[in-house]
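Q: I should like a close look at a single part of this model, with its surroundings described afterwards.

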Amino acid sequence: MGSKAAVVVFVEAEPKRVFRDSVVIDRAKSQRLAEMVLGATSNEAGLLALDRAVWPDSGIVCAASLPEYEVVCSRELARRRPSELTEWISQVASGRDAYAVFMHSAEDWGAFAIWSDGRLVRSLCVSPDSGVIEDVGERLPFEVPFWEGEHSVRSEVGYSLPFHPIDFGNEALREFFGFILEGREDESCVDPEEVEIPAFRAV
């Protein structure tokens with residue numbers, strides 16, 4: 001499967017705790033959140049483990065409304081220019097901050113973005129074919145080792161980036177949400193196979 005993700009989290013608290021805090025999901029609010037993406041009424045189609053929920057099948061939206069957090073995952077949200085989502089993020093966020101990670105290992109690109117009070121603060125997308133596709137705002141501390149060559153792709157001579165987009169995308173997942181899909185786990189990582197998110201399909 002590789003690493004594929006299209007996840008946006010709206011936060012009123014520390015985003016890294018979103019999948020660590022064991023709380024009850026509000027199914028009705030989750031359904032309404034999913035319907036904002038689907039643009040239609042929906043039925044719940046079961047639960048998906050987080051590692052699958054972050055890239056659900058086309059036509060499926062995984063959504064979870066939790067105290068202090070709302071999570072929405074849909075491949076239709078994936079953008080190589082996350083800034084294109086700013087208007088939608090502003091409408092849904094209602095003053096909250098938002099964090100997003102998008103990546104597709106088969107297409108070899110990765111992106112992340114942060115919005116504060118509906119305003120884009122940081123957005124980055126890279127791929128070896130296109131280079132830096134979008135680069136808005138100041139670099140975050142977790143990015144620095146990547147840009148300084150500490151995660152270089154040594155096995156590929158002449159690789160056009162100082163790091164692999166999927167390695168970078170997984171580190172963004174770790175930094176923002178406390179889990180990864182591939183790579184080196186540490187004690188702080190949540191097991192994405194042990195977290196379940198409701199899935200919704202348009203009626």
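How many bridges join strand E3 to strand E4, and in which sense do the two strands run? Please continue from there to the burial of E3 and to the rest of the model.

A: The model is a predicted one. Within it, strand E3 (residues 60–66) and strand E4 (residues 69–73) run antiparallel and are joined by five bridges. One position of this pairing can be named on both sides: Ser65 stands opposite Glu70 in E4. The two strands form a hairpin with two residues between them, and in this hairpin Glu68 adopts a positive phi near 80°.

E3 also pairs with strand E9 (residues 196–202), again in the antiparallel sense, over three bridges. Here Cys62 has Ala199 of E9 as its bridge partner.

As to burial, seven of the seven residues of E3 are buried. Neither face of the strand is left uncovered. On one side Ile60, Cys62, Ala64 and Leu66 are buried, and on the other side Val61, Ala63 and Ser65 are buried as well. Ser65 thus appears twice in this account, as a buried residue of E3 and as the residue opposite Glu70.

The wider setting may be described through the nonpolar cores. In soluble globular proteins, nonpolar side chains tend to be buried together. The largest nonpolar core of this model has 43 residues, and Val7, Phe19 and Phe177 are those with the most contacts inside it. Helix H5 (residues 165–177) supplies the largest share of this core, namely six residues. Apart from this core lies another, of 27 residues, which includes Val8, Ala78, Ile89 and Leu120.

Val7 merits a separate description. When its neighbours within four places in sequence are left aside, Val7 is in contact with Val54, with Val71, Val72 and Cys73, with Tyr99, Ala100, Val101 and Phe102, and with Leu173 and Phe177. The range of E4, residues 69–73, takes in Val71, Val72 and Cys73, which are among these contacts of Val7.

Two further backbone positions may be set beside Glu68. Ser94 is in the loop between helix H3 (86–93) and strand E5 (97–104). Its phi is near 50°, a positive value in a residue other than glycine. Ser94 is classed as exposed because its relative accessible area is 61%, and the cut-off for that class is over 50%. Asp108 lies in the loop between E5 and strand E6 (109–116). The phi of Asp108 is near 60°, likewise a positive value in a residue other than glycine.

Note on methods: Residues numbered from 1 in each chain as written. Predicted model: local features only at pLDDT ≥ 70, side-chain atom pairs only at ≥ 80, totals over all residues. Heavy atoms only, no water. Core = buried A, V, L, I, M, F, W, Y, C linked by side-chain atoms within 4.5 Å. Buried < 20%, exposed > 50% of the residue type's maximum accessible area, 1.4 Å probe, protein only. Helix = DSSP H or I, 4+ residues; strand = E, 2+ residues; numbered from the N terminus. Contact = heavy atoms within 4.5 Å. Pairing = 2+ DSSP bridges.
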